[in-house]
Amino acid sequence: MSKVALKNIRYESFCQEYLVDLNATQAAIRAGYSAKTAGTKGHQLLQIVEIAARIQFLMAERGKRTEITAERVVQELAKVAFASMRQFIRVDSDGQPQIDLSTTDNDNLDALMEVQTETVVESRGSGDEREFDTIRKTKIKLHNKLGALHELAEHTGVFAKRDKDQASALAEAWAQITSRGSKAPIRRDTATDGGDE
């Protein structure tokens, strides 16, 4: 059923529009639903099995056309997430870091967000003895490493495993506490009227 367009023209329009930005509210508006109810309507439409199946089919087809797969997305995220400045610099004889991209492989170069090069002229000395040096300054900036790590963790289920482990640890602790039941010592302070005990 997903391989062909939905019989309900507005449903099909919603599916096509949803692929634009994955925003159900905006997709509903573009499909002709009222802007007032688009938020609710968009959410409702995504719950319809036929619509959800159609969207999945359209996404898969788009992935084939563009050769974008989940594996490829994860690989690109990994390039950014695991990039290190060590791949872009060398330390000179004075112990100063120098940017050197000559031996950096393509995967690490993909992690670069920006490379800025500026040529400046600096002078030294004064009067007739004044000399000028041309210096090229280069600055590099990596893509958001923490953001990429977070996305990778979501894709690979790291957070789900962490939450499951935390829940298991909490459940185990609770079981230990409740298993003791009335065995836990209870301190009772009894008031005395000043007489001997």
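In the predicted model, Ile89 is part of strand 1, which spans residues 89-91. With a relative accessibility of 35%, this residue counts as partly exposed, and together with Met85 and Ile99 it forms a nonpolar surface patch whose combined accessible area is about 210 Å². Arg90, which lies in strand 1 as well, is paired with Asp100 of the loop between strand 2 (97-99) and helix 6 (106-109), so that this pair ties together parts ten residues apart in sequence. The contact is a salt bridge in which the closest N and O atoms are 3.6 Å apart; Arg90 is partly exposed at 43% relative accessibility, as is Asp100 at 21%.

Ten salt bridges are found in the structure. One of them joins Glu17 and Arg30, with 2.7 Å between the closest N and O atoms, and because Glu17 belongs to helix 1 (residues 9-21) and Arg30 to helix 2 (residues 24-30), the pair links parts that are 13 residues apart in sequence. Arg30 also meets the side chain of Asp21 in a salt bridge, at an N to O distance of 3.1 Å. Relative accessible areas of 22% for Glu17, 34% for Arg30 and 36% for Asp21 place these residues in the partly exposed class.

Overall, the protein contains eight helices and four strands, arranged from the N terminus as α-α-α-α-α-β-β-α-β-β-α-α. Of its 197 residues, 19% are buried, and the accessible surface amounts to about 15300 Å², with 51% contributed by carbon and sulfur atoms. Among contacts between residues at least 6 apart in sequence, 49% connect residues at least 24 apart.

Notes:
Residues numbered from 1 in each chain as written. Predicted model: local features only at pLDDT ≥ 70, side-chain atom pairs only at ≥ 80, totals over all residues. Heavy atoms only, no water. Helix = DSSP H or I, 4+ residues; strand = E, 2+ residues; numbered from the N terminus. Buried < 20%, exposed > 50% of the residue type's maximum accessible area, 1.4 Å probe, protein only. Contact = heavy atoms within 4.5 Å. Areas by Shrake-Rupley, 256 points an atom, 1.4 Å probe, with all protein chains shown as cover. Patch = residues over 30% accessible without salt bridge, like charges linked within 9 Å, V, L, I, M, F, W, Y side chains within 5 Å. Salt bridge = Lys/Arg side-chain N within 4 Å of Asp/Glu carboxyl O.
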